[in-house]
Amino acid sequence: MIYGISGTGKSILRTLNYFDLFRHPLNKKELFSLTGACPEKEEFEEALQQLKEKQLIDQEGEYYFLREGKASVKKRIRKLNRSIRYHRISRVVAAFIYFHP
């Protein structure tokens, strides 16, 4: 049990722990919406800062992860860029198919 951490902080840790199973770091917006505790924005920011100070979580760029998840940030960015490119291609193909019977 971790002492000295608020309920919001514990909820943030649980959320990051779940997504760490899939090596998927979260940005602040995703983390806020997936936390489940429905905290106020200020309380959320304070809990996030507290966890970083206690070195329970880490941050690279805009992504938050547990201490050993630094390599997954680059992988996530690479996958995100690839999915954007594929989405553009699929829209062009879908438009082409739409106009041909």
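**Helix H1, the nonpolar core and strand E3**

In this predicted model, the hairpin of E2 and E3 has two residues between its strands, and Gly61 there takes a positive phi near 65 degrees.

User: In the antiparallel pairing of E2 and E3, which residue is the bridge partner of Glu60?

Analyst: E2 and E3 pair in the antiparallel sense over four bridges. One of the residues involved is Glu60, and its partner lies in E3. That partner is Tyr63.

User: Is Thr15 buried or exposed?

Analyst: Thr15 has its place in helix H1. Its relative accessibility is 8%, and the cut-off for a buried residue is under 20%. Thr15 therefore counts as buried.

User: Which residues have the most contacts inside the largest nonpolar core?

Analyst: This core has 14 residues. The elements giving two or more residues to the core are H1, H3 and E3. Those with the most contacts inside the core are Ile12, Leu16, Leu31, Leu48 and Ile57.

User: Leaving aside neighbours within four places in sequence, with which residues is Leu31 in contact?

Analyst: Thr15, a residue of helix H1, touches Leu31 and also Leu26, Leu34 and Thr35. Leu26 in turn stands opposite Tyr64 in E3. The full set in contact with Leu31 is Ile12, Thr15, Leu16, Leu26, Phe44, Leu48 and Tyr64.

User: Which residues of E3 are buried on each side?

Analyst: In a regular strand, side chains alternate between the two faces of the sheet. Both faces of E3 are covered. The buried residues are Tyr63 and Phe65 on one side, and Tyr64 and Leu66 on the other.

How values were computed. Residues numbered from 1 in each chain as written. Predicted model: local features only at pLDDT ≥ 70, side-chain atom pairs only at ≥ 80, totals over all residues. Heavy atoms only, no water. Core = buried A, V, L, I, M, F, W, Y, C linked by side-chain atoms within 4.5 Å. Buried < 20%, exposed > 50% of the residue type's maximum accessible area, 1.4 Å probe, protein only. Contact = heavy atoms within 4.5 Å. Pairing = 2+ DSSP bridges.
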